[in-house]
Amino acid sequence: MSDVKRKVLNAKQKLEILQKLDNGVSASTNADDVLNEGNTISHSAALRSVETLLDYMGQRGFDYGDITAVCKICADIRQEMNKQQKQRRIADFLKK
């Protein structure tokens with residue numbers, strides 16, 4: 001446990017997390033976003049961006065093929081998220 005690095009959140013980050021929780025975003029999604037901030041984009045943030053793009057495409061009447069391609073990206077992101085979550089659970093189980 002001594003190797004665990006803790007990230008100190010500023011007030012803006014704490015407020016953002018609370019707002020996301022109020023909007024129904026899961027705590028684990030929030031944690032992923034905060035831990036990955038400044039490093040890489042988290043899967044949950046990527047998924048939200050792609051879903052926003054899908055909404056935009058639907059409103060603008062994009063071609064069905066284009067929308068299908070973006071849906072495939074969503075599925076790929078979800079699959080990767082599930083894979084990593086499974087790996088974390090296995091690692092946590094083996095630590096016990």
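**Residue S42 and the Y56–F62 aromatic pair**

In the loop that connects α2 (27–36) with α3 lies S42. The model described here is predicted. S42 has a relative accessible area of 4%, and because this value falls under 20%, S42 is classed as buried. The separation between S42 and M81 amounts to 39 residues in sequence, while their C-alpha atoms are 9.3 Å apart in space.

Helix α3 spans residues 43–60 and contains Y56. The relative accessible area of Y56 is 40%. This value lies between the limits of 20% and 50%, so Y56 counts as partly exposed. S42, in the loop between α2 and α3, is by contrast buried.

The aromatic contacts were examined next. One aromatic pair is found in a search of the whole structure. The pair is formed by the rings of Y56 and F62, with a distance of 6.1 Å between the ring centres and an angle of 55° between the planes. The centre distance is within the 6.5 Å limit for pairing, and the angle is neither under 30 degrees, as stacking would require, nor over 60, as an edge-to-face arrangement would require; the pair is therefore tilted. F62 has a relative accessible area of 37% and is partly exposed.

Both residues of this pair, Y56 and F62, also take part in a surface feature. Together with L53, Y56 and F62 make a nonpolar surface patch of about 280 Å². Patch residues need over 30% relative accessible area, a condition consistent with the values of 40% for Y56 and 37% for F62.

Notes
Residues numbered from 1 in each chain as written. Predicted model: local features only at pLDDT ≥ 70, side-chain atom pairs only at ≥ 80, totals over all residues. Heavy atoms only, no water. Phe/Tyr/Trp six-rings, centres within 6.5 Å; stacked < 30°, edge-to-face > 60°. Buried < 20%, exposed > 50% of the residue type's maximum accessible area, 1.4 Å probe, protein only. Patch = residues over 30% accessible without salt bridge, like charges linked within 9 Å, V, L, I, M, F, W, Y side chains within 5 Å. Areas by Shrake-Rupley, 256 points an atom, 1.4 Å probe, with all protein chains shown as cover. Salt bridge = Lys/Arg side-chain N within 4 Å of Asp/Glu carboxyl O. Helix = DSSP H or I, 4+ residues; strand = E, 2+ residues; numbered from the N terminus.
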